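Take a moment to turn the model around on your screen before you read on. Let us walk through it together, from the whole chain down to single residues.

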Amino acid sequence: MASISLFVVKARTFGARLPVGLDRRAFGLVVMAGVLNSASALLYVMAVSLAGAAKASVLASTTPLFALPISISLLHERMNSRIVTGTLLAVAGIWMVVPG
């Protein structure tokens with residue numbers, strides 16, 4: 001919200017021009033990324049209030065488990081030993097924190 005407000009103030013003061021190096025498509029992607037980031041922060045705060053901090057932090061730390069298949073399938077990234085090691089370490093850390 002703050003960045004949108006600042007952009008509006010800048011546009012009214014200096015004219016409505018896109019930042020240097022950004023075309024309309026790239027600017028739209030930046031705005032979309034900002035909206036999605038804000039939505040994820042809001043949902044995280046809601047998760048903490050509903051489930052408690054301990055459960056929400058464990059769920060938030062599972063991000064590598066979701067990012068790995070998404071990056072392979074959608075972004076066509078190659079899996080290498082560092083990615084596998086990092087994901088396994090993340091799973092091991094979650095397993096050590098979760099009681100039981």
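The paragraphs below begin with the overall build and then turn to a patch on the surface and a few of the residues around it.

Keep in mind as you look that this is a predicted model. What is the chain built from? Its secondary structure comes to 5 helices and 0 strands. If you follow the sequence from its beginning, you meet the pattern α-α-α-α-α.

Next, consider the overall form. The radius of gyration of the chain is 19 Å, whereas a compact globule of 100 residues would have a value near 13 Å. You can also picture a box laid along the principal axes: the C-alpha atoms fill one of roughly 60 × 35 × 15 Å.

How much of the chain is buried? Of its 100 residues, 8% count as buried. The accessible surface comes to about 8,400 Å², and 73% of that area belongs to carbon and sulfur atoms.

Now let us zoom in on one part of that surface. Here L65, F66, I70, L74, L75 and V91 form a nonpolar patch. Together, these residues have about 590 Å² of accessible area. Which helix gives the largest share of the patch? That is helix α4, which spans residues 63-73 and supplies 3 residues.

I70 is a good place to pause, since this patch member lies in helix α4. Is I70 buried, partly exposed or exposed? Its relative accessibility is 45%, so I70 counts as partly exposed, because that class lies between the 20% limit for buried and the 50% limit for exposed.

V91 also belongs to the patch, but its place is in helix α5, which covers residues 81-97. With a relative accessible area of 33%, V91 is partly exposed. While you are looking at helix α5, you can try a distance as well. I70 and A92 are 22 residues apart along the chain, and their C-alpha atoms are separated by 20 Å.

Finally, go back to helix α4 and find S71, which lies there. Why does S71 count as buried? The reason is its relative accessibility of 14%, because buried means under 20%. What does S71 touch, once its neighbours within four places in sequence are left aside? S71 is in contact with H76 and E77.

So helix α4 holds both the partly exposed I70 and the buried S71.

Technical notes: Residues numbered from 1 in each chain as written. Predicted model: local features only at pLDDT ≥ 70, side-chain atom pairs only at ≥ 80, totals over all residues. Heavy atoms only, no water. Patch = residues over 30% accessible without salt bridge, like charges linked within 9 Å, V, L, I, M, F, W, Y side chains within 5 Å. Areas by Shrake-Rupley, 256 points an atom, 1.4 Å probe, with all protein chains shown as cover. Salt bridge = Lys/Arg side-chain N within 4 Å of Asp/Glu carboxyl O. Helix = DSSP H or I, 4+ residues; strand = E, 2+ residues; numbered from the N terminus. Buried < 20%, exposed > 50% of the residue type's maximum accessible area, 1.4 Å probe, protein only. Rg over C-alpha atoms; globule rule 2.2 N^0.38 Å. Contact = heavy atoms within 4.5 Å.
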